[in-house]
Amino acid sequence: MEYLLLQMLNGVQLGLLMFLLAAGLTLTLGIMDLVNLAHGSLYMMGAYIAWTLIGVTDSFVLGALLALPATFLLGVAVEAVVIRRLYARDHLTQVLATFGLILFFNELVRAVWGPAGKSIAVPGFLNRTIEILPGVPYPAYRFAIIIVGAGVAILLAWLVARTRLGMVIRAGASNRRMIGALGVNIELLFSLVFGLGAVFAGLAGLMAAPIASVRIGMGDDILILALVIIVIGGIGSIKGAFIAAMVVGQIDIVGRAFLPDLLKTFMSSSAASSAAPAISQVLVYVLMAAVLVWRPTGLFGQRT
Amino acid sequence: MMAALRTPRGLATALILLVLAILPLLTQAFDQRYLLSIGTRIVIWSIAAVSLNMILGYGGLVSFGHAVFFGIGGYAVGILSAHGVSSGWIQWPVALLAATAWAILIGALSLRTRGLYFIMITLAFAQLVYYVGGGLEAYGGDDGLNISRSRFPGVIDLRDKANFYWLCFALLCATLWFCSRYANSRFGLVIRGAKSNELRMTALGFPVFRYRLAAFTISGAFGGLAGILLANEGAYVSPAMMSWMKSGDLIVIVVLGGMGTLFGPLYGTIAFFVLEEALPPLLNLAHKGWGEYWMIVFGPLLVLIALYARGGIDSLLGRRHE
């Protein structure tokens with residue numbers, strides 16, 4: 001029972017990280033109608049920039065806080081140099097150009113930081129366990145990720161639902177030509193949203209770094225998962241992305257934790273432990289296929 | 001036939017095909033074995049690129065999971081081989097059948113969606129198979145599986161590199177021939193018509209979905225063929241051969257060569273492999289040590305091609321008249 005609770009918390013934590021990544025992606029897709037495969041590269045860059053800044057400042061919190069504006073600037077720069085030219089183009093051009101960006105960023109990281117992976121240590125004050133329930137310890141760092149992730153999710157919900165900027169963003173997602181005609185500075189809005197997406201991606205990358213490792217291409221596989229999440233949730237829908245991220249997080253973690261035992265009942269234990277992660281990954285894609293067959297524009301996507 | 005040779009396109013294509021036809025003789029004469037293995041991969045990837053072009057180029061359907069057919073074709077050969085079935089007469093038809101069946105299944109589901117959702121769902125299905133491949137512990141899991149080349153006793157010995165190359169080249173020619181028939185048939189015209197205006201084709205009474213499903217299936221079958229050859233070329237199958245980056249490479253190749261043109265995928269594959277081989281030494285000439293980071297140049301080059309050169313290499317060879 002406690003084991004289940006812990007694994008579900010891990011699922012929440014993974015789900016929140018993926019929500020951070022998916023939020024920026026679903027906004028750029030919904031508002032700018034842009035497929036940005038290089039979003040995973042921003043996730044990676046966030047982690048690498050944080051690694052450098054943490055080394056320079058010798059403080060996890062300070063380094064992480066400085067890395068956020070840095071990824072924002074990087075996002076705005078990428079938008080100004082490449083992305084801006086892609087808005088009016090078809091999806092194929094966007095896929096191709098941002099695929100080129102992935103190759104560029106992966107190689108850039110290899111040239112600047114070298115081919116070997118980096119690791120970021122869990123900050124000292126979080127390097128312990130806390131009792132979430134009496135007698136149930138949980139790593140404090142993972143709990144901190146949940147707090148920060150949930151905080152950002154609430155902030156984003158408030159931003160989108162309650163502020164003027166959020167109103168413009170929502171209006172842009174449903175009809176981008178109309179808000180341009182109404183006198184909203186579209187170019188500025190797009191830069192801002194892209195920069196915001198970059199910050200969230202960077203934040204996800206640097207928070208994941210102490211758990212996973214900082215390595216080249218770390219964003220490539222999780223990007224696909226983030227794309228799956230926004231497709232399940234419906235393109236442009238923050239709410240959809242959140243729900244889908246939570247579901248995918250649970251499937252992934254709980255599948256990994258409990259499938260091996262289930263599979264061991266009818267296969268050898270080594271085969272079971274190697275098949276389980278694959279099956280939980282496959283389940284995610286099966287879920288996506290099922291959702292798309294049932295609702296071709298995702299759970300909360302706009303019907304066309 | 002002779003008139004076609006007078007255009008730059010005709011001449012270039014004839015030269016390329018001629019060089020490819022006698023490549024084993026050339027590499028033997030100049031003692032460049034390595035070039036033959038690159039040549040073999042170019043020919044195999046060309047088959048895959050031509051097959052992707054059938055739906056991407058002619059049909060306008062951005063399938064972002066075409067490398068999955070490398071995997072299906074390859075793994076069908078690999079798994080049979082692991083169980084001691086080494087005869088190509090059994091391996092190849094089974095692999096083609098598997099690729100065809102998978103193409104029908106995912107085509108039927110994916111083609112219900114449009115645009116971005118289609119890109120994503122084809123990608124997702126490819127990832128699904130990718131993870132299944134990684135989870136097949138009995139067949140090597142993530143590490144892949146070493147196999148021996150398919151046997152066709154008394155007909156052809158594929159262990160001979162030149163023989164294998166010529167078989168691949170013959171299959172490429174057959175694929176190109178099929179594609180030219182496909183593109184100019186009534187069937188192909190429906191597919192191309194649906195690319196420019198789906199609504200109009202539907203209004204004309206064509207069941208666009210069924211036509212597209214047929215095209216998707218044909219494309220998948222040829223993709224599976226490329227997978228069979230790729231597995232035989234390296235005598236090895238692994239999930240890496242169907243990673244989504246490989247699907248991306250295939251799209252890059254088709255666009256680089258020229259979408260919706262018969263020989264575009266062939267030009268694209270050659271250009272892609274030549275860039276991969278030539279950029280590192282060129283960069284090393286400019287500054288020693290830069291060659292290792294050739295993708296820093298290749299990535300932005302891709303961005304520029306996507307933005308400004310969508311006609312691909314084919315459009316550099318002058319206007320087309322059909």
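A:M8 is partly exposed, because 15 other C-beta atoms sit within 10 Å and a residue needs 20 or more to be buried and 12 or fewer to be exposed. That residue belongs to helix α1 (residues 2–32) of chain A. Leaving out residues up to four places away in sequence, A:M8 touches A:Q250 and A:V254. Both touched residues fall inside α10 (238–264) of chain A. As for A:V56, A:M8 is 48 residues away from that one in sequence, and the two C-alpha atoms are 36 Å apart in space. One thing to keep in mind while looking around: this is a predicted model.

**Chain A: a hairpin and a helix**

Still in chain A, strands β1 (residues 129–133) and β2 (residues 136–139) pair up in the antiparallel sense, over four bridges. Across the pair, A:I130 faces A:Y138 of β2(A). What sits between the two strands? They make a hairpin with two residues between them, and A:G135 in the turn has a positive phi of about 85 degrees. In a regular strand, side chains alternate between the two faces of the sheet.

Helix α5 of chain A covers residues 140–162. Its buried residues are A:Y141, A:R142, A:I145, A:G149, A:V152, A:A153 and A:L156. An α-helix has 3.6 residues a turn, so residues three or four places apart point the same way. The cover over the buried residues of α5(A) includes α1, β2, α8 (186–208) and α10 of chain A. So β2 turns up both in the hairpin and in the cover over α5(A).

**Helix lengths**

Three helices can be checked against the length expected at 1.5 Å a residue, and here is how they come out.

| Helix | Residues in helix | Expected span | End-to-end C-alpha distance |
|---|---|---|---|
| α5(A) | 23 residues | 33 Å | 32 Å |
| α13(B) | 23 residues | 33 Å | 31 Å |
| α14(B) | 14 residues | 20 Å | 19 Å |

For α5(A) the distance agrees with the expected span, and so it does for α13(B) and for α14(B).

**Chain B as a whole**

Chain B has 15 helices and two strands. Its C-alpha atoms fill a box of roughly 55 × 45 × 40 Å along the principal axes. Is the chain's radius of gyration what a compact globule would give, or not? For 322 residues such a globule would have a value near 20 Å, and chain B has 20 Å, which agrees. Of those 322 residues, buried ones make up 50%. Looking at contacts with a separation of 6 or more in chain B, 75% come from residues 24 or more positions apart.

**Two helices of chain B**

Helix α13(B), residues 264–286, has a kink of about 35 degrees at B:A278, shortly before the proline B:P280. Which of its residues are buried? B:G264, B:P265, B:L266, B:Y267, B:G268, B:T269, B:I270 and B:F272 are. These pack against α2 (8–21), α4 (33–56), α12 (244–257) and α15 (312–316) of chain B.

In α14(B), the buried residues are B:M295, B:I296, B:V297, B:G299, B:L302, B:V303, B:I305 and B:A306. Their cover includes α12 and α13 of chain B, together with α4 (91–113) of chain A.

**Where the chains meet**

The contact between the chains takes 39 residues from chain B and 39 residues from chain A. On the chain B side, α7 (115–135), α12 and α14 (295–308) each supply at least two residues. Which helix gives the most? That's α7(B), with 15 residues. Sorted by type, the chain B side comes to 28 nonpolar, eight polar and three charged residues.

**Two aspartates with positive phi**

A:D58 has a phi near 60 degrees, a positive value in a residue other than glycine. It sits in the loop between α2 (39–57) and α3 (60–81) of chain A. A:D58 counts as exposed because it has 9 C-beta neighbours inside 10 Å.

In chain B, the phi of B:D31 is also near 60 degrees, again positive in a residue other than glycine. B:D31 lies in the loop between α3 (23–29) and α4 of chain B. Buried or exposed? B:D31 is exposed, with 7 other C-beta atoms within 10 Å.

Notes: Residues are numbered from 1 along each chain as its sequence is written. Chains are lettered from A and ligands numbered from 1 in the order in which they are written. This is a predicted model: local features need pLDDT of at least 70, side-chain atom pairs count only at pLDDT 80 or more; totals for chains, interfaces and linings use all residues. The expected span of a helix is 1.5 Å times one less than its number of residues. The bend at a residue is the angle between axes fitted to the seven residues ending there and the seven starting there. Two residues are in contact if their C-beta atoms, placed from the backbone, lie within 7 Å. Two strands pair if DSSP finds at least two bridges between them. Ala, Val, Leu, Ile, Met, Phe, Trp, Tyr, Cys and Pro count as nonpolar, Asp, Glu, Lys and Arg as charged, and the others, Gly among them, as polar. The radius of gyration is taken over C-alpha atoms; the globule rule is 2.2 Å times the number of residues to the power 0.38.
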